[in-house]
Each structure stands twice: as C-alpha cells, then as structure tokens.
Amino acid sequence: MEAQGHETFSKLSAAIAQLHTKAQPPEVLPRSTALDNARSKLQPHLPSTGIGLEQTIRHLQEEIAPAFNASSRSPNYYGFVTGGITPAAALADNLVTHYDQNVQVHLPKETIATEVEDRALSLLCELLDFDPTQWPHRIFTTGATASNVLGLACGREYIIAEASAHRTDAENSVGELGIVEAMRKAGIDEIQILTTVPHSSLSKAASILGLGRASVKCIGQEGASHKFDMKLLKKLLEQPGAASIVAVSASEVNTGLFATSGVAEMQELRKLCDMYGAWIHIDGAFGILGRVLTDPKYERIRQACAGLDLADSITGDGHKLLNVPYDCGFFLSRHRNIAERVFRNPNASYLASGNNSDGIMSPLNVGLENSRRFRALPVYASLLCYGQGGYRDMLERQINLTRGIARFITESDDFELLPVFDGSMEEVLSNIYIIVLFRAKDEKLNEQLVNKIKATRKIYLSGTSWDGKPACRFAVSNWMTDVDRDLPIIRKVLQDISEDKES
Ligand SMILES: *Cc1c(COP(=O)(O)O)cnc(C)c1O
C-alpha cells in the first residue's frame, strides 16, 4: 500500500510540476460555448453504478474544467483579491490530501502535524515581524471571514469580563453563560463594534455571534472615511452601559487604504481602549503582508502597518497574498486564556490531548472547527521555499505593477483614479498598495467598462461602485506578477477600449 501511495504521489508531483511550467492560460474567462457545453454535460443524477475513475477524470478534465475561469493560474486575473498558488504550496496541498492528517488534537507521540501547524504560524509571525511569544493563541482558519468571527468572539468574551464587577472576571463568561446572562451580570446593555470602512464579513461575523449587524458602527472622518474620528470614538467608548470592540481595517478592499498611518495613532487607540476595557481587532486580510516591506519606496505602507502589533487580535488571509490555495486564513491573539474560554469542547475525554509540556494547544479547543484540514502545510512549504526575501520581492512586484497602473490611469485623458486625491503624482502613488480603483470619465463608457474589459478575456478585474457610480478595481496579488510583461497588456486593453468608445 505504502509503495503504491508513493508511486501515486510521484506521478502526481510530476503532473503538478508540469502544470506549473505550462504557459499561463491565454484567456482569463471561459468562452460561453465551453460554459454551455459543461452545463449540458453536468451529470443530472447519481449513477446507480459508478462510471469509474477513468471516465470520471476524463469528464472533469475535458468537459468541466474548460469552463472554469483562469483564477490564480493567470497573473492577469485581477478580480477579488485572488492571490495565486506557489508551486511549493501546490505540491504541499497535494501532500495534505494524500496524508489526510486530521489536525484537531495535539498528539505529539502520534503525528508531527500539530507541531508543523504551530511552526508554520510562528514562521508566519516572523515573516510579519511579530514576536511569536506575544501571540500564543494562533491558528489557521478557512479564511479571513472565519478569522473575523474568531476575533469578535474573543473580543466579546474579553470586554464582558472587563465590564464585570471584577475586571477580567473569568466567571462571567459568554462561553459559559451565553450572551444575555453574561451581559446582564456585567451590567452592559450594548455591545458595539467601532470601525471604519469595514469588510462586509465583519457585519456577517457580528450577525453570527449574536451581536447583530447593527452593532457595527462606522465612525470615519468626513472626507477621509477610512480614518477614525477620534473624538467620536472616545465619546462612544465612554458611554455608560456599552462595551466595545474596535475593528481596524488594515487595508480596505475597495481602495487599499489603511485606517491608521503610524505607530502614534495605534498607541492612541491602545490607550483609549485600555481605559475603557475595549478589544482591538485588526482585519489585515491582505494588508498585514505590508509588514514585510523595508524599502523607503514603500514608506507610507510601512508606516500604515507599524503599530499593528498593539492589537489584541489579528486576521490574515493565506489564500490572498501568501499565495497558498483557497481555504486558508490565519488568526493571532495575545490572549491565551480567552481562547479556551470561547472554544473549549467540554467533557470530550476521547479528544483529550494529555499533558504536553510544549505549550501547543489542541486546535479544536482554540478555534471554530473540530476535524480540520492540514491547511498549515502549504503555508509552511511556501514560507520555507521563498523566505522573507522571496515574499518581500513578490509584494514589491505587485505594488510596482499596481503603481504602474495607477500612473497610467492618472495620466490618461479617459480614466480617473479614485478616490480623487490632491497632491503630486509621487504623493498619490506613495499611498497605493495592491489595489487600484478607477472609472472612465465618459459616463456611458463607464456604465459598460467592467463588462468591456472582461469581454477582452485578456485581463479580469472586479466591478464595484464608488460615490454611487460604477467603478472598476484591480487587485494585484499573484506571485507571478511581472511589471514588464503585465503592464503593457493592461495598458493596451484600456487604450483599445477608450479609443473604441464612440462606436
Ligand atoms: C477578503 C477579505 C475578507 C474576507 O476574507 P475571506 O478569505 O474571503 O473569508 C475580510 N476582510 C478583508 C479586508 C478582505 O480583504
């Protein structure tokens, strides 16, 4: 069996290596004929006798797969924040399937899997210049949405204990008593999540946790909605009967802007939150990677990421800028004691992990899932393969391309960069991270712009809206990004569309 397993695996590795040396797909979207064909070939019913492995593979490869979009296989796919998949991560992900480790209980005598997960997380801390010993509650999740659920759940547990008669009152636990009783005991009648330009998943997390979407309050400054209105923040924090979680958007998904622009602002937030027993959660799904930058060219981004270590908890995504396959996010928190209060499985002795002196907590008691995929392995592999320098180089290429696109748009007569900034070109570009938001100046063209771009099948980007009008958004996040190769393609697509606007 084992020999056969290895044989299967080496075949698989060869196939993956081949996939990765193949040229990128020429088109970012499938033709409608391929979609129609796949739709007509989709099996309508469960066969009573299976069609067998060979037929199944043929069906998937020849009939279904041609109707997938290029996604991370193409560096010219700029929709969402798709990321890519490094070859190291792809290979490791196939190993994950092959060995099928269930990473829920820490069993150091039986498998190394939980130790690999913990090491991947501490390497990740090193990549992001966080001291791993300061982030003892750490875990891989299914993505940033799940990490935001964890962040708000930990925050909710903490702020209620803080508001109780005895600060950090472990007896008054939402995990034990439920939110209604815990709030009553703490004398709280409102939990609020104070934020600016939040990702939609923050409201979803608030809903899941019984805090309600209405608890999410945007308190941005007028004319700079991504920055906190500090006076308003203070006023809301000091409201009697309210307990607060402050959620910092460390790069907003529409514009790439960061809520804070330096250590001093984070220190100010920290001071206020400590005064009122509030929890600080950072949504750094893709922004947190900005911490790998060192070159002065990226000083604004570096400053915006500085001080994020003053938070209580942090959300990051693996399947975005880390360029590992989908189904991977991470969560870091400073509060080890809160973790088990929220996530512990009580009375499940068959899941007990025994006494371990290595300090590794069983993932099932510190995160959402019990049985879980070994999604740490692709991260471990990719971090080792590229190291800090490799990830820095990747991000620099992504930023350089993004800034190249922003410069082209700013200089063009037909397009307009959003939000509209004052200042010199250099000033404008210095704030650009991996997102470019823009629109066509011609209203009629602007209405159709995103569809016209997609119809070229040369590049793909997301449509969104800004100030009530349609807008387009590039998110550059692929490890293969190459400015010299990719920028001319983008320029040509946009130029052709604008020259064609009269027709
Ligand atoms: C993408 C994103 C999310 C949601 O992440 P998923 O991985 O899709 O769950 C949350 N916050 C921000 C800032 C994001 O960019």
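How exposed is Arg344, in terms of its relative accessible area? In this predicted model, Arg344 has a relative accessible area of 39% and is therefore partly exposed, since partly exposed covers values between the 20% limit for buried and the 50% limit for exposed. This report begins with the salt bridges and then turns to the ligand site and two helices.

## Salt bridges

Across the whole structure, 28 salt bridges are found. One of them joins the side chains of Glu176 and Arg344, with N and O 3.2 Å apart. Glu176 belongs to helix H7 (residues 174-177), while Arg344 sits in the loop between helix H13 (336-343) and helix H14 (376-411), so this salt bridge ties together parts that are 168 residues apart in sequence. Glu176 has a relative accessible area of 54% and is exposed, whereas its partner Arg344 is partly exposed.

Arg375 takes part in a salt bridge with Asp327. This pair also links distant parts of the chain: Arg375 lies in the loop between H13 and H14, and Asp327 in the loop between strand E9 (313-317) and strand E10 (329-333), 48 residues apart. Arg375 counts as buried, because its relative accessibility of 5% is under the 20% limit. Asp327, at 34% relative accessibility, counts as partly exposed.

Arg375 also meets the side chain of Glu369 in a salt bridge. Glu369 counts as partly exposed, at 21% relative accessibility. Through shared partners, salt bridges join Glu117, Asp327, Glu369, Arg372 and Arg375 into one network.

The following table lists the salt bridges described above.

| Acidic residue | Basic residue | N to O distance |
|---|---|---|
| Glu176 | Arg344 | 3.2 Å |
| Asp327 | Arg375 | 3.7 Å |
| Glu369 | Arg375 | 3.0 Å |

## The ligand site

The ligand is surrounded by 14 residues, of which the closest are Thr145, Asp283, Asp317, His319 and Lys320. By class, the shell comprises 4 nonpolar, 7 polar and 3 charged residues. Several contacts involve oxygen atoms of the ligand. A polar side-chain atom of Thr145 lies 2.6 Å from a ligand oxygen, and a polar side-chain atom of Asp317 lies 2.8 Å from a ligand oxygen. Ala144 contributes through its backbone: an N or O atom of that residue is 3.1 Å from an oxygen atom of the ligand. On its own the ligand has 380 Å² of accessible area, and the protein covers 84% of that area.

## Helices H6 and H4

Helix H6 (residues 144-163) gives the most to the shell around the ligand, with 3 residues. H6 is mostly covered, as 18 of its 20 residues are buried. From its first C-alpha to its last, H6 reaches 28 Å, close to the 28 Å expected at 1.5 Å a residue.

Helix H4 (residues 87-99) has 13 residues, which should span 18 Å at 1.5 Å a residue; the end C-alpha atoms are 18 Å apart, in agreement with that value. The buried residues of H4 include Ala88, Ala89, Ala90, Ala92 and Val96. An α-helix has 3.6 residues a turn, so residues three or four places apart point the same way. Just after H4, Asp100 adopts a positive phi of about 45°.

Terms used: Residues numbered from 1 in each chain as written. Predicted model: local features only at pLDDT ≥ 70, side-chain atom pairs only at ≥ 80, totals over all residues. Heavy atoms only, no water. Helix = DSSP H or I, 4+ residues; strand = E, 2+ residues; numbered from the N terminus. Expected span 1.5 Å × (residues − 1). Buried < 20%, exposed > 50% of the residue type's maximum accessible area, 1.4 Å probe, protein only. Near = heavy atom within 4 Å. Polar contact = N/O pair within 3.5 Å; in protein donor to acceptor, adjacent residues only side chain to side chain. Areas by Shrake-Rupley, 256 points an atom, 1.4 Å probe, with all protein chains shown as cover. Nonpolar A, V, L, I, M, F, W, Y, C, P; charged D, E, K, R; others polar. Salt bridge = Lys/Arg side-chain N within 4 Å of Asp/Glu carboxyl O.
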